[in-house]
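Student: Please take one part of this model and go through it closely. I would like to see how the pieces around it are arranged as well.

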Amino acid sequence: MVKCIEEYDRYKGVSELMPFAKGVSAKAHDFDAQGNCVETDYTKMLQIVKDAGFRGYMGIEFEGGAISEEEGIRKTKVLLEKVGAALN
């Protein structure tokens, strides 16, 4: 696997693209002991989505290797529900 030397800020990128979004996808690779995604701050990310006025569908993707894809999707869904409830 080749590591990216310079990565575009994911939060800035989502902010820039939200005016054009027809759908949103939540992607996770790994979780900490509290069930939070380790690579993305979903509180920050979902606040960006909410502030943009998005009311469409949100898909879930899981690309981790430590747990099964099915378990990763379930954990991502639980995290999104927890964060979404806290933002309301």
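Tutor: F54 is buried, because its relative accessible area is 14% and the limit for buried is under 20%. This is a predicted model, and everything below is computed from it. F54 lies in the loop between helix 2 and strand 2. Apart from residues up to four places away in sequence, F54 touches M18, A21, K22, G23, V24 and V49. A distance to another residue helps to place F54: its C-alpha atom is 30 Å from that of C4, and the two residues are 50 places apart along the chain.

One of the residues that F54 touches is K22. K22 is in the loop between helix 1 (10-17) and strand 1. Is K22 buried or exposed? Its relative accessibility is 76%, so K22 counts as exposed, whereas F54 is buried at 14%. K22 can also be placed against M58: the two are 36 residues apart along the chain, and 9.6 Å separates their C-alpha atoms.

V49 is another residue on the list for F54, and V49 leads to the helices. V49 belongs to helix 2 and takes part in the meeting of helix 1 with helix 2. On the helix 1 side the residues are R10, Y11, V14 and S15; on the helix 2 side they are K44, M45, I48 and V49. The axes of these two helices come within 9 Å and cross at roughly 15°. Helix 1 and helix 2 are therefore roughly parallel to each other, since angles under 35 degrees count that way. The crossing is right-handed. Two residues from this meeting have a further arrangement: the charged end of K44 sits over the ring of Y11, at 4.4 Å from the ring centre.

Helix 2 also meets helix 3 (residues 69-87). The axes of this second pair come within 10 Å and cross at roughly 60°. That angle makes helix 2 oblique to helix 3. Here too the crossing is right-handed. The residues that helix 2 brings to the meeting are Y42, T43, L46, Q47 and K50, and those from helix 3 are L79, L80, V83, G84 and L87.

Helix 3 also holds T76. With a relative accessible area of 1%, T76 is buried. Which residues does T76 contact, leaving aside its neighbours within four places in sequence? They are A26, A28, F31, I60 and F62. Two of these, F31 and F62, deserve a separate look.

How many aromatic pairs does a search of the whole structure find? The search finds one. The pair is F31 with F62, and it is stacked: the ring centres are 6.1 Å apart and the planes are at 10° to each other. F31 lies in the loop between strand 1 (23-28) and helix 2 (42-51), while F62 is in strand 2 (residues 57-62), so the pair ties together parts that are 31 residues apart in sequence. F31 counts as buried, at 11% relative accessibility. F62 counts as buried too, at 7%.

Strand 2, where F62 has its place, also marks one end of the loop that holds F54. Not counting residues up to four places away in sequence, F62 touches A28, H29, D30, F31, I67, S68, E69, G72, I73 and T76. A28 is on that list, and its C-alpha atom is 5.0 Å from that of F62, although the two residues are 34 apart in sequence.

To return to the starting point, F54 is a buried residue in the loop between helix 2 and strand 2. Helix 2 runs roughly parallel to helix 1 and oblique to helix 3, while strand 2 contains F62, the partner of F31 in the stacked pair.

How values were computed
Residues are numbered from 1 along each chain as its sequence is written. This is a predicted model: local features need pLDDT of at least 70, side-chain atom pairs count only at pLDDT 80 or more; totals for chains, interfaces and linings use all residues. Side-chain values use heavy atoms; hydrogens and water are left out. Rings of Phe, Tyr and Trp (its six-membered ring) pair if their centres lie within 6.5 Å; planes under 30 degrees apart count as stacked, over 60 as edge-to-face and the rest as tilted. Helices (H or I, at least four residues) and strands (E, at least two) are DSSP runs, numbered from the N terminus. Buried means under 20% relative accessible area, exposed over 50%, partly exposed in between (1.4 Å probe, protein chains only). A charge sits over a ring if NZ of Lys or CZ of Arg is within 6 Å of the ring centre and within 35 degrees of the ring normal. Axes are lines fitted to C-alpha atoms, for helices over the stretch in contact, and angles run from 0 to 180 degrees between N-to-C directions. Angles under 35 degrees count as roughly parallel, over 145 as roughly antiparallel, 65 to 115 as roughly perpendicular and the rest as oblique. A crossing is left-handed if the near helix is turned anticlockwise from the far one by less than a right angle, and right-handed if clockwise. Contact means heavy atoms within 4.5 Å.
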